[in-house]
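Please consider the structure shown below. The paragraphs that follow lead through one helix and then through the meeting of two domains.

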Amino acid sequence: MLRALAVDDERPSLEELLYLLNSDPRIGSAEGAGDATEALRRINRALESGPGGPEAIDVVFLDINMPGLDGLDLARLLTGFAKPPLVVFVTAHEDFAVQAFDLKAVDYVLKPVRKERLAEAVRRAVELRAASQRDAAQRDATPRIPVSEPDPDHIPVELGGVTRFVAVDDITHVEAQGDYARLHTDKGSHLVRIPLSTLEERWRFRGFVRIHRRHLVALRHIGELRLDAGSVSVMVGAEELQVSRRHARELRDLLMRRP
């Protein structure tokens with residue numbers, strides 16, 4: 001019996017999906033979340049509980065178009081978990097199917113949801129869960145190879161099920177997104193499951209400075225410091241970032257001392 005979490009910011013759609021899931025005899029329990037942030041908190045509790053724990057979740061039925069973190073962002077984050085739940089996308093948009101399956105989605109169900117179509121997605125999830133349990137049993141029987149210490153000059157990020165290593169020196173600034181952080185480089189951005197406060201402490205001696213409760217910036221990538229009617233901002237590449245009053249003086253002092 002699968003334990004399911006349905007995620008949708010539209011209440012009527014969420015209630016309908018939960019009704020259909022609870023009507024399927026292969027679903028042992030189904031609960032809802034109104035956005036991706038709430039879903040992440042629930043999934044974290046599930047992972048802490050363990051696969052056989054009372055909080056466990058086997059499969060997430062996930063909308064894509066949501067405010068803040070969207071469904072694809074959430075699915076990318078889940079690929080970084082050691083034992084993530086399965087993901088089934090349930091959306092009104094056809095355009096994201098390729099990205100969804102790149103993220104190893106079990107299925108891609110279009111709204112309005114038909115009972116028969118959802119049942120097919122549940123069947124696939126049941127089969128994949130059974131296969132995953134068999135694979136886990138085999139892995140547990142295999143001797144483990146010690147893992148080396150992480151490289152302090154790079155940070156691992158997940159993209160489409162592939163782990164890539166971003167050089168810390170290439171990161172221009174970091175943006176807080178709840179308990180997560182978005183790393184910005186000249187080539188794009190990456191979401192990681194690390195709070196901004198942790199990165200601030202870790203990279204303090206690598207030239208990163210807090211300029212706002214939401215932003216951490218690499219001093220070497222600041223091109224301009226702007227003062228306008230009492231407000232302070234910095235230019236990082238083509239992006240202008242506001243500096244809070246509590247951090248403005250420290251930032252000016254650091255920039256004046258910068259070689």
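Which residues in helix 2 are buried? This is a predicted model, in which local features need pLDDT of at least 70 and side-chain atom pairs count only at pLDDT 80 or more, while totals for chains, interfaces and linings use all residues. Residues are numbered from 1 along each chain as its sequence is written, and side-chain values use heavy atoms, with hydrogens and water left out.

Helix 2 covers residues 36-49; helices (H or I, at least four residues) and strands (E, at least two) are DSSP runs, numbered from the N terminus. Buried here means under 20% relative accessible area, with a 1.4 Å probe and protein chains only. The buried residues of helix 2 are Ala 36, Ala 39, Leu 40, Arg 42, Ile 43, Asn 44 and Ala 46. Their packing partners include strand 1 (2-7), strand 2 (27-33) and helix 3 (71-78). After helix 2 comes Gly 50, with a positive phi near 90°.

On a wider scale, the protein is divided into domain 1 (2-138) and domain 2 (154-257), with bounds from an automatic or database domain assignment. Between them the two domains bury about 860 Å², 60% of it on carbon and sulfur atoms; buried area is the accessible area (1.4 Å probe) that two parts lose on being put together, summed over both. In domain 1, Leu 69, Leu 77 and Thr 79 lose the most area to domain 2, together 38% of what that side buries.

The rule finds one salt bridge across this interface, a salt bridge being a side-chain nitrogen of Lys or Arg within 4 Å of a carboxyl oxygen of Asp or Glu. Arg 182 forms a salt bridge with Asp 73, their closest N and O atoms lying 3.8 Å apart.

Definitions and conventions: The expected span of a helix is 1.5 Å times one less than its number of residues. Buried means under 20% relative accessible area, exposed over 50%, partly exposed in between (1.4 Å probe, protein chains only). Contact means heavy atoms within 4.5 Å.
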